[in-house]
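These notebook entries record what I looked up in the structure. I proceeded from strand pairing to single residues.

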Amino acid sequence: MAVVLVLGLLDVFGQRPSTTRVDSDAATLEISSPGSVRGGLLFQSRFTIEARQELKDATLVLGPGWLDGLTVNTIEPSPVNEASRDGRLTLELGHLPAGAKYVLFVDYQVNPTTVGRRTQRVELDDGELPILSTHQTLTVFP
């Protein structure tokens, strides 16, 4: 029991966010999101896009790992449109001129019965043209 308490104090089971950054010639994407969470708790992921070139139809594409076993409470600001592309959630953000910065917040709650690891893939597209992509792993503790 003492080991579990010490691990909890060291934030092994916590929700401390980490930051992932990926760059391309057209844009930069920075994701701030926890790598581990516990069932039933709330957390937030932040996606920051900086356009280096004009993006006529910036679209954030989230793989199933961003939704499976998680409840999306809110997405702010609301995307221009939401759709599904081969099982992935697409969030159309609209026109981003060169030099523009766009910050998107997604608030989640972990479904209480969810346990395990999932890969969270993210792609930034201009319409359907991929600009950049990355992935991270989310571990859900009971």
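**Entry 1. F43 and Y108.** I began with the bridge partner of F43 and found that F43 stands opposite Y108 in strand 9. The model is a predicted one, and I read every value below as computed from it. I then turned to the rings and noted that F43 and Y108 form a stacked aromatic pair, 4.9 Å from centre to centre with 15 degrees between the planes. The structure holds two aromatic pairs. I located F43 in strand 4 and Y108 in strand 9 (residues 101-110), so placed that the pair links parts of the chain 65 residues apart. I also checked exposure and recorded both F43 and Y108 as buried.

**Entry 2. Partners of strand 4.** I followed strand 4 to its neighbours. With strand 9 it pairs in the antiparallel sense over nine bridges. With strand 2 (residues 27-34), strand 4 (residues 42-51) is again antiparallel, over six bridges. For individual positions I noted that I31 stands opposite F47 in strand 4, and that S32 has R46 in strand 4 as its bridge partner.

**Entry 3. The open sheet.** Which strands form the open sheet, and in what order? I found five strands in the order 1-2-4-9-6, with antiparallel pairing. Strand 1 (17-23) and strand 6 are the edge strands, each pairing on one side only. I recorded an average twist of 20 degrees from one strand to the next.

**Entry 4. T71 in an edge strand.** I next examined T71, which lies in strand 6 (residues 70-76). Is T71 buried, exposed or partly exposed? T71 is partly exposed, because its relative accessible area is 35%, and the partly exposed class lies between 20% and 50%. Leaving aside neighbours within four places in sequence, I listed its contacts as D107, Y108, Q109 and N111. Y108 is thus in contact with T71 and is also the residue that F43 stands opposite. For D107, I noted a separation from T71 of 36 residues in sequence and 8.5 Å in space, C-alpha to C-alpha. For N111, I found a polar contact of 2.6 Å between its side chain and that of T71.

**Entry 5. Strands 10 and 11.** I then looked up the pairing of strand 10 with strand 11 and found eleven bridges, the two strands running antiparallel. They form a hairpin with two residues between them, and G127 in the turn has a positive phi of about 70 degrees. One of the positions I noted is D125, which stands opposite P130 in strand 11. Strand 11 (residues 129-141) also pairs with strand 3 (residues 36-38), here in the parallel sense over three bridges. In that pairing, V37 stands opposite V140 in strand 11.

**Entry 6. Q120 in the hairpin.** I closed with Q120, which lies in strand 10 (residues 116-126). Why is Q120 classed as buried? Its relative accessible area is 0%, and buried means under 20%. Apart from neighbours within four places in sequence, I recorded contacts of Q120 with G65, W66, L70, T134, H135, Q136 and L138. What does the side chain of Q120 reach? I found that it reaches the backbone oxygen of G65 at 3.4 Å.

How values were computed
Residues numbered from 1 in each chain as written. Predicted model: local features only at pLDDT ≥ 70, side-chain atom pairs only at ≥ 80, totals over all residues. Heavy atoms only, no water. Helix = DSSP H or I, 4+ residues; strand = E, 2+ residues; numbered from the N terminus. Buried < 20%, exposed > 50% of the residue type's maximum accessible area, 1.4 Å probe, protein only. Contact = heavy atoms within 4.5 Å. Polar contact = N/O pair within 3.5 Å; in protein donor to acceptor, adjacent residues only side chain to side chain. Pairing = 2+ DSSP bridges. Axes fitted to C-alpha atoms, helices over the stretch in contact; angles between N-to-C directions. Phe/Tyr/Trp six-rings, centres within 6.5 Å; stacked < 30°, edge-to-face > 60°.
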